[in-house]
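The exercises below are meant to be worked with the sequence and the coordinates side by side. Please attempt each task before reading the solution that follows it.

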Amino acid sequence: MDYRITYKEAFTVLAASKTFDYENAKKEVPAFWREHYASGAGKYVCGMFGINIDPQMGDEQFEYLIADICNDTTEWYQKVRKYYYE
């Protein structure tokens, strides 16, 4: 998989998230993407970004997000919210 690190202005995302151990991440993160699409969630969160969150930078675990930019005033946001939370 090709990837790049890009610096952007702050923005809000809507995401599916999961916590991973660094030790197994190389295998488990791609499986998370496959599960995301297989479940039908890709219809709502397409996966514009893969975001790694590790505030301590060096912890044994990190949170990983499959994410899209979110604007909470859109009809799309309302559909996603209903899918995940209602």
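## Exercise 1: Overall architecture

Along the sequence, the elements of the protein follow the order β-α-β-β-α. The model is a predicted one.

**Task.** Determine how many helices and strands the protein has, and which strands pair with S3.

**Solution.**
1. Counting the elements gives 2 helices and 3 strands.
2. Strand S3, which covers residues 61–69, pairs with S1 in the antiparallel sense over 9 bridges, and within this pairing Thr19 stands opposite Glu63 of S3.
3. Strand S2, residues 49–53, also runs antiparallel to S3, to which 5 bridges join it; here the bridge partner of Asn52 is Tyr64 in S3.
4. Turning from pairing to contacts in general, and considering those with a separation of 6 or more, one finds that residues 24 or more positions apart account for 58% of them.

## Exercise 2: A salt bridge between two elements

**Task.** Find how many salt bridges the protein contains, and explain which parts of the chain are tied together by the pair of Lys18 and Glu35.

**Solution.**
1. The criterion requires a side-chain nitrogen of Lys or Arg within 4 Å of a carboxyl oxygen of Asp or Glu, and the count by this rule comes to 1.
2. The side chains concerned are those of Lys18 and Glu35, with an N to O distance of 3.7 Å.
3. Because Lys18 belongs to strand S1 and Glu35 to helix H1, the salt bridge ties together parts that lie 17 residues apart in sequence.
4. As for accessibility, Lys18 counts as partly exposed at 34% relative accessibility, and Glu35 likewise counts as partly exposed, at 44%.

## Exercise 3: His36 and its polar contact

**Task.** Decide whether His36 is buried or exposed, and identify which backbone oxygen lies 2.7 Å from a polar atom of its side chain.

**Solution.**
1. His36 is placed in helix H1, which spans residues 25–38.
2. Its relative accessible area is 4%, so His36 is classed as buried, given that the cut-off for this class is under 20%.
3. The oxygen in question is the backbone oxygen of Val45, located 2.7 Å from a polar atom of the His36 side chain.

## Exercise 4: The surface

**Task.** Describe the accessible surface of the protein, and state which residues make its nonpolar patch of about 520 Å².

**Solution.**
1. The protein exposes about 6,900 Å², of which carbon and sulfur atoms supply 51%, while 28% of its 86 residues count as buried.
2. The nonpolar surface patch is made by Tyr3, Ile5 and Tyr7.
3. Of these, Ile5 is found in the segment that comes before strand S1, residues 13–21.
4. Ile5 has a relative accessibility of 67% and therefore counts as exposed, the cut-off for that class being over 50%.

Terms used: Residues numbered from 1 in each chain as written. Predicted model: local features only at pLDDT ≥ 70, side-chain atom pairs only at ≥ 80, totals over all residues. Heavy atoms only, no water. Patch = residues over 30% accessible without salt bridge, like charges linked within 9 Å, V, L, I, M, F, W, Y side chains within 5 Å. Areas by Shrake-Rupley, 256 points an atom, 1.4 Å probe, with all protein chains shown as cover. Helix = DSSP H or I, 4+ residues; strand = E, 2+ residues; numbered from the N terminus. Buried < 20%, exposed > 50% of the residue type's maximum accessible area, 1.4 Å probe, protein only. Polar contact = N/O pair within 3.5 Å; in protein donor to acceptor, adjacent residues only side chain to side chain. Contact = heavy atoms within 4.5 Å. Pairing = 2+ DSSP bridges.
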